[in-house]
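Notebook open, coffee at hand. I want to look up the overall build first or the pocket first; I'll go with the pocket.

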Amino acid sequence: MKTFVKTRDGGYNVILERGSIDKFALLTGITGKTLIVTDTGVPQSYARRIASQLEKPYIYTVEQGEKSKSLDCFGKILSFMLENNFTRSDSVVACGGGVVGDLAGFCAASYMRGVKFRNFPTTVLAQVDSSVGGKTAVNLDGVKNPVGAFYQPSAVVIDPDVLKTLGRRQTAAGLAEAVKTSLTGDASLFEKFEKEDIYENTDEIIFRSIEIKKNVVQLDEKENGLRMILNFGHTIGHGIESLGLGLYHGECVALGMLPMCSDAVRKRLIPVLERLGLPTRLDFDEEKVMAAIAHDKKTTGELINAVTVSKVGEYRINKMSAGEIRQRLCVLKGENG
């Protein structure tokens, strides 16, 4: 399966094919010197299999986790590229999940004012969501993604076969992003989560999620309006994630969606999340969550741009006060709805 994402500067292919890890160079047309960025949570054989196809490969491995999405790690990778005489005609490849994609993409966007970037996502979350769309970033002072750039890849290659090394919890957390996408733009995909075997339909779920995101990104490449719908669940989700409770990003998004739904949608969403083993309740510090939301990139002045879903497959972008957001948090503690 293949789809083309149109951008202001042209566009790129997203290729979903089992076994494509061993065709990466052929599928992307990559040449010259290439830096493959990966992390300690990714089987090292993945980066090596890609490197074996390349002319002049270098592998740079960071520690697994959000701590690697830092200015310090960003600077070390750029220094490595400089020390090894990378030029503007060379490339960066991300081989990992969302952290690696964000970090490697921001390095590609920044080094020599931009080198070619290709993405090989190895987690469900990255395959269904973060690998497409061109958002790159690092964290700063405990705030998620305030420093970054919109920088589109030259190609994205998705091989569902690599997901077999993931645990069920990590897979479910990634699928939370596909649930998010279905709620805002594809009612029939949400019904698939409700009625069918989710894990037997992984390829279709990934591809349909990418198609939905592609259509949004093509209309609003740099998040001036419509693209905000992709942040459904993220306003509160990022606030929860900042608490450092050991939850995966997708688990935080799952929790973040619930307060932003109507009662009718929530009644359908909770069983889907429970089928996936995702959390639907949480005891947390509201003050810390609200402090994190105040630093959110979606905040404009005193109001927060928040996405709500009152009917499956439809959405609204609302400007909410901090007080309105706080009132909605009670559903996560079982106090309402």
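Before I assign any lining to a strand, a note to self: strands are DSSP runs of E, at least two residues long, numbered from the N terminus. I also keep in mind that this is a predicted model.

Pocket entry. I looked up the second largest pocket and got a volume of about 260 Å³. Its lining has 13 residues, and Thr7, Asp9, Tyr151, Gln152 and Glu221 are the closest to the centre. Which strand gives the largest share of that lining? I found strand E2 (residues 10-16), with three residues. By class I noted four nonpolar, five polar and four charged residues in the lining.

Strand entry. From E2 I went on to E9, since the two pair in the parallel sense over four bridges. Leucine 16 has isoleucine 158 of E9 as its bridge partner. I then checked strand E6 (residues 116-121), which also pairs with E9 in the parallel sense, over two bridges. There, asparagine 119 stands opposite valine 156 of E9.

Side chains of E9 (residues 155-158) next: Ala155 and Val157 point one way, Val156 and Ile158 the other. Are these four buried or exposed? I have them all down as buried. In a regular strand, side chains alternate between the two faces of the sheet.

Whole-chain entry. I counted 13 helices and twelve strands. Of the 337 residues, 57% come out buried. The radius of gyration is 19 Å, which agrees with the value near 20 Å for a compact globule with 337 residues. Along the principal axes, the C-alpha atoms fill a box of roughly 60 × 40 × 35 Å.

Methods:
Residues numbered from 1 in each chain as written. Predicted model: local features only at pLDDT ≥ 70, side-chain atom pairs only at ≥ 80, totals over all residues. Heavy atoms only, no water. 1 Å grid on protein atoms, 1.4 Å probe; cavity = no way out; pocket = protein on both sides within 12 Å on 5 of 7 lines; lining within 4 Å. Points joined across faces, edges and corners; volume = space filled by probe spheres on them. Nonpolar A, V, L, I, M, F, W, Y, C, P; charged D, E, K, R; others polar. Buried < 20%, exposed > 50% of the residue type's maximum accessible area, 1.4 Å probe, protein only. Pairing = 2+ DSSP bridges. Rg over C-alpha atoms; globule rule 2.2 N^0.38 Å.
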